[in-house]
Amino acid sequence: MKKSLLFLLGLSAAAAHAQSQVSIYGVVDAGIVAERGGQNAPGAKVSSGAASASRIGFRGTEHLGNGWSAFFTLETGARIDSGVLDAGNTIFNRQAFVGLQGDFGAVALGRQYTPMHILLVAFDPFKTGYAGTVKNLFPDIGTNIRTSNTITWKSPSVHGVDGMLAYSAGEQSDASAGRQFGGAVGYAQGPIAVRLAYNHKNSDVAATDSTPFVSHGSGRNTVLGASYQFPKVKLHFIYGIDKGYGSTPLWNTGNPYGGVKPIASTDGRDLLLGLSGHVGPGTLMFSTMRKDDRTTFDQDASSWGVGYNYPLSKRTSLYAAYAHIDNKNGAGYTVNNNAEAGSGNTGTNIGLLHTF
Amino acid sequence: MKLKTILFAASFLTVLSAHAGEIDKSPYGAAVPDTAPAERVVEIRPGDRWANVTNGETVKFVVGDKSFTYHVWTMPNVNAFDLDKIAPADVKAAGITVYVAGSAWYRNS
């Protein structure tokens, strides 16, 4: 018995030695979210993840020699206002992948962020969080954020230029049904960063024994982001072109303002202008956005948001944010945050964020 | 009563400041041994004015025939800093700005 125990301990030690670096990390974020303007807006409530979705993750790297390494990430989201998982029956809903890294860059397989979402996080002054999130008018939702069954390749950065490719299998009897692919190329040198991303999602549903083939076609998003870091202020720019079915899903799929239910655009243009900078001990964030719906419904919208993050330490911050949307011709855009769809055209967040 | 309030406030502040002393408030991160494995090697050549890194990375900076390794972990409100603020005294790092991109670890949804 003792020998077995020693043997197991030996195996554990060997495993720990071979696994050169494993980290537990996460975000716990809770605050008060107040929403106004929608027919079902709840007023004030305690919410999880308004600035940054609450999560816990495990990350590891093993150095294999000759510049090669293996890596993995397993990350799950949870709502700390109630303790429930973000997604039922899914243990690692946020990220789950394993990969190899070397001179060629990095190849990973599993559930991963899309190239378009990575661009939006990098160039949104609110980093896709808070009431001012780019999600309010840009189509950063669902499989535009992350996809399962995905193979990615990220190139190394050469003279500031890097690229990324992603392919997600639809895993249906029709090979093209449900598949998604995308890519990005970027340039970052000193204070300048520019990135272009493409996202292509097929929304067809293959026929089964009992259901016919459903044809929706594909949605395409092309997004350009740019930023310039001055000593105290950073300027942000994002422009998006969204075309086709499913290219612009609405965050709030109900009918938040009553009347005729809003129609998700199939031909739109999105623009963000913003800035972030040091004011006092913290960071001030501001953006203004415009959605130009070029369908016959002409459901345009414009928005603005402002926020402030006050760091108590490297890992703990207090924050406050406010945003407002003007919907036109029955458009149904709502003020979201990093974890919730929102239910009105005005939103306020006051919260506490800790990372570990 | 007033004295008690002052004593309570003083003791509370003392506890707070003792606690604050344990918090990592180094604005840019921490130096690590130059032999530590680095995720990125950044070579500073004559005439260079900047370097780009990612928050959370361990970076080996090579300046001429000198080098040093640093784990970059900045305060949330620091996007850029001067390299000579973290470089050892014998490394010529004046005039180089380090721009820090956001960490993929805490990338939002």
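**Exercise 1. The overall form of chain A**

What percentage of the 356 residues in chain A do buried residues make up? Describe also the secondary structure and dimensions of chain A.

*Solution.* The structure is a predicted model.

Step 1. Buried residues account for 42% of the 356 residues in chain A.

Step 2. Chain A contains two helices and 17 strands. Its radius of gyration is 22 Å, close to the 21 Å that the globule rule gives for 356 residues, so chain A is as compact as a globular protein of that length.

Step 3. Taken along the principal axes, the C-alpha atoms of chain A fill a box of roughly 75 × 60 × 45 Å.

Step 4. Consider the contacts in chain A between residues at least 6 apart in sequence: 59% of them join residues at least 24 apart.

**Exercise 2. The nonpolar cores**

Determine which residues touch the most other members of the largest nonpolar core, and which elements give two or more residues to this core.

*Solution.* Step 1. The largest nonpolar core has 40 residues, and A:Leu119, A:Leu120 and A:Tyr130 touch the most other members.

Step 2. Two or more residues each come from strands E1 (21–36), E8 (161–168), E14 (282–293), E15 (301–311) and E16 (316–327) and from helix H2 (115–123), all of chain A. The helix H2(A) gives the most, with seven residues.

Step 3. Not counting residues up to four places away in sequence, A:Leu119 touches A:Ala184, A:Arg195, A:Ala197, A:Val223 and A:Gly225.

Step 4. A second, separate core comprises 17 residues, including B:Ala51, B:Val63, B:Val72 and B:Leu83.

**Exercise 3. The sheet of chain B and the contact with chain A**

Establish the strand order of the three-stranded sheet in chain B, and then identify which strands of chain B each supply at least two residues of the side that touches chain A.

*Solution.* Step 1. The three strands form an open sheet in the order E3-E7-E6, with mixed pairing. At its edges lie strand E3 (50–54) and strand E6 (80–82) of chain B, each of which pairs on one side only. On average, neighbouring strands of this sheet are turned by 25° against each other, direction ignored.

Step 2. Strands of a sheet pair through backbone hydrogen bonds, in either the parallel or the antiparallel sense. For E3(B) and strand E7 (residues 97–101) of chain B the sense is parallel, over five bridges. Within this pair of strands, B:Asn52 stands opposite B:Tyr99 in E7(B).

Step 3. Between the chains, 21 residues of chain B are in contact with 29 residues of chain A. E3 and E7 of chain B each supply at least two residues of the side of chain B that touches chain A. By class, that side has eleven nonpolar, six polar and four charged residues.

**Exercise 4. Two residues with positive phi**

Locate A:Glu171 and A:Asp298, and classify each as buried, partly exposed or exposed.

*Solution.* Step 1. Most residues other than glycine have a negative phi. A:Glu171 has a positive phi of about 55° although it is not a glycine, and A:Asp298 likewise has a positive phi, of about 50°.

Step 2. A:Glu171 is found in the loop between E8 and strand E9 (180–189) of chain A, whereas A:Asp298 is found in the loop between E14 and E15 of chain A.

Step 3. A residue is exposed if 12 or fewer other C-beta atoms lie within 10 Å of its own. A:Glu171 has 12 C-beta neighbours inside 10 Å and therefore counts as exposed. A:Asp298 has 13 other C-beta atoms within 10 Å, so A:Asp298 is partly exposed.

Notes
Residues are numbered from 1 along each chain as its sequence is written. Chains are lettered from A and ligands numbered from 1 in the order in which they are written. This is a predicted model: local features need pLDDT of at least 70, side-chain atom pairs count only at pLDDT 80 or more; totals for chains, interfaces and linings use all residues. Two strands pair if DSSP finds at least two bridges between them. Helices (H or I, at least four residues) and strands (E, at least two) are DSSP runs, numbered from the N terminus. Axes are lines fitted to C-alpha atoms, for helices over the stretch in contact, and angles run from 0 to 180 degrees between N-to-C directions. Two residues are in contact if their C-beta atoms, placed from the backbone, lie within 7 Å. Ala, Val, Leu, Ile, Met, Phe, Trp, Tyr, Cys and Pro count as nonpolar, Asp, Glu, Lys and Arg as charged, and the others, Gly among them, as polar. A nonpolar core is a set of buried Ala, Val, Leu, Ile, Met, Phe, Trp, Tyr and Cys residues joined through C-beta atoms within 7 Å. A residue is buried if 20 or more other C-beta atoms lie within 10 Å of its own, exposed if 12 or fewer, and partly exposed in between; C-beta atoms are placed from the backbone. The radius of gyration is taken over C-alpha atoms; the globule rule is 2.2 Å times the number of residues to the power 0.38.
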